[in-house]
Amino acid sequence: MQIHLKTLGCRLNEAELETWAQAFQIRGHGITRNLHDAQVVVLNSCAVTQDAVKKSKQLIRRIHRDNPQAKLVVSGCYATLNQSETEQLMGVDLVIGNNDKHLLVEKTLAELDMDSMPAMSTEPGEVSLFNRGRQRAFVKVQDGCRYRCTFCIVTVARGEERSRSIAEIVAEINALHSQGINEAVITGVHLGGYGSDIGSNPVELIRTILAQTEIPRLRMGSLEPWELPEGFFELFDNPRLMPHLHLPLQSGSDSVLRRMARRCKTAEFADLVDSARARIANFNVTTDIIVGFPGETEQEWRDSLDFIRSIGFGHIHIFSYSPREGTKAAGLPDQVRNEVKRRRSRELHQLADAMKRDFAERNLGNQAEVLWEGQTEPLSDGRIRYFGYTPNYLRVACEVLPANLLENRVFPAKLLEIADQFIRAEPA
């Protein structure tokens, strides 16, 4: 059988997709990037915002329209929070909630009556991830969250914290590296809480991975800023740990942060960023910001913008607040009008674009080890344009002759100038 995998949402969803891809292959099934070639489609849905719910439903309908013969399996946060609704959508054959995600492959094969063919199975690393067009792997190390930020529905959908053993994680990364993967991204719903249920912690995890694997690049996913223990930034003394962190701020106003039930004040956040930048050259801090949280006054918004500007983020994921049934924030008074959210979102996008450009400009002239991930069709002069990422997560591109094969290689480049959506570079 040919399986097509799709996802919406976070890096954790990406990591789960890769795990399923490998498991399907072990059981004798193929992974296809072409939806029309698939006999089974698996969708990992999202519900982090109301817009994500809408996109999940639209994608389910589109998959069924484009390949009505395929069996459709839906998992993820939207399917978990809205199981009966998902089951009623046209084309959906099986819904598997987050609690059973670890059994998704087994349930799909059993309940859809798909025979496996062990004698014909391929090695798991024989392109499951590359078939989906990636040269880095997302490695899920934990699930669930103990905190209850008032806006967040994901903690409801994902349940309590559950950590994988360090030995299991190390084995997965070593297997991925043996298959040609050069960068692993460590992900989780509450990554900073890793190990709380098994007597470990994120620092022990990262140190062990660096000691017991040889994968060239290790990157950490989103970390709550209040979770970073003393000495955390010493980990970055190892050049294999990429100098980039995604620290969700959510608001630059302390009064809004209190209503969100966030555990980090703006002064503490600024101290963290200062500590990172003082120790690690060209360290990139990216973040999430929610615009128009209930009760957000014009003064709170101005305070938030001023603080965000003072930090100078390399990139911001911007979300306009949308009420999520089942969260405390949905019942808070003084919901912000949509036209106000749109105006504030435009302001923040302008600021974010300017800060992103400023950070990129500060890196011009530097030489960086780039993981080259993909290429375009030949340009008019016959050269090939490759895209990739620097250690501090700047998107770069270079143009080389077709004989220079860069894909999935870590190769140095000098950063020259800012183009439209990337930095133009040349191989060093």
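Which residues are exposed on the other side of α8? They are Ala 167 and Ser 178, across the helix from its buried residues. The model is predicted. This briefing covers α8, the second largest pocket, to whose lining α8 contributes at least two residues, and two residues with positive phi in loops, Gln 250 and Asp 334.

**Helix α8**

- The helix α8 runs over residues 166-178 and has 13 residues.
- From first C-alpha to last, α8 reaches 18 Å, close to the 18 Å expected at 1.5 Å a residue.
- Six positions in α8 are buried: Ile 166, Ile 169, Val 170, Glu 172, Ile 173 and Leu 176.
- These buried residues lie on the same side of α8, because they cover an arc of only 160° around the axis.
- In general, an α-helix has 3.6 residues a turn, so residues three or four places apart point the same way.
- The packing partners of the buried residues of α8 are α1, β6, β8 (183-188), α9 (202-212) and β9 (217-220).
- Just after α8 comes Gly 180, with a positive phi of about 105°.

**Second largest pocket**

- The volume of the second largest pocket is about 500 Å³.
- Its lining consists of 20 residues, and those closest to the pocket centre are Thr 19, Lys 101, His 102, Lys 140 and Arg 164.
- At least two lining residues come from each of α1 (11-26), α5 (104-111), β6 (136-143), β7 (162-163) and α8 (166-178).
- By residue class, the lining holds 10 charged, six polar and four nonpolar residues.
- Two of these elements, α1 and β6, supply lining residues and also pack against the buried residues of α8.

**Positive phi outside glycine**

- As a general rule, most residues other than glycine have a negative phi.
- Gln 250 has a positive phi, near 80°.
- The loop that holds Gln 250 lies between β10 (244-246) and α10 (254-260).
- Gln 250 is buried, with a relative accessible area of 7%, which is under the 20% cut-off.
- Asp 334 also has a positive phi, near 60°.
- The loop that holds Asp 334 lies between β12 (315-320) and α13 (338-363).
- Asp 334 counts as exposed, because its relative accessibility is 60% and the cut-off is over 50%.
- Both are loop residues with positive phi, but Gln 250 is buried, whereas Asp 334 is exposed.

Technical notes. Residues are numbered from 1 along each chain as its sequence is written. This is a predicted model: local features need pLDDT of at least 70, side-chain atom pairs count only at pLDDT 80 or more; totals for chains, interfaces and linings use all residues. Side-chain values use heavy atoms; hydrogens and water are left out. On a 1 Å grid over the protein atoms alone, a cavity is a set of points where a 1.4 Å probe fits but cannot get out, and a pocket is an open set with protein on both sides within 12 Å along at least five of seven lines; lining residues have an atom within 4 Å of a point. Grid points are joined across faces, edges and corners, and a volume is the space filled by probe spheres set on the points. Helices (H or I, at least four residues) and strands (E, at least two) are DSSP runs, numbered from the N terminus. Ala, Val, Leu, Ile, Met, Phe, Trp, Tyr, Cys and Pro count as nonpolar, Asp, Glu, Lys and Arg as charged, and the others, Gly among them, as polar. The expected span of a helix is 1.5 Å times one less than its number of residues. Buried means under 20% relative accessible area, exposed over 50%, partly exposed in between (1.4 Å probe, protein chains only). The arc is that of the directions from the helix axis to the C-beta atoms. Contact means heavy atoms within 4.5 Å.
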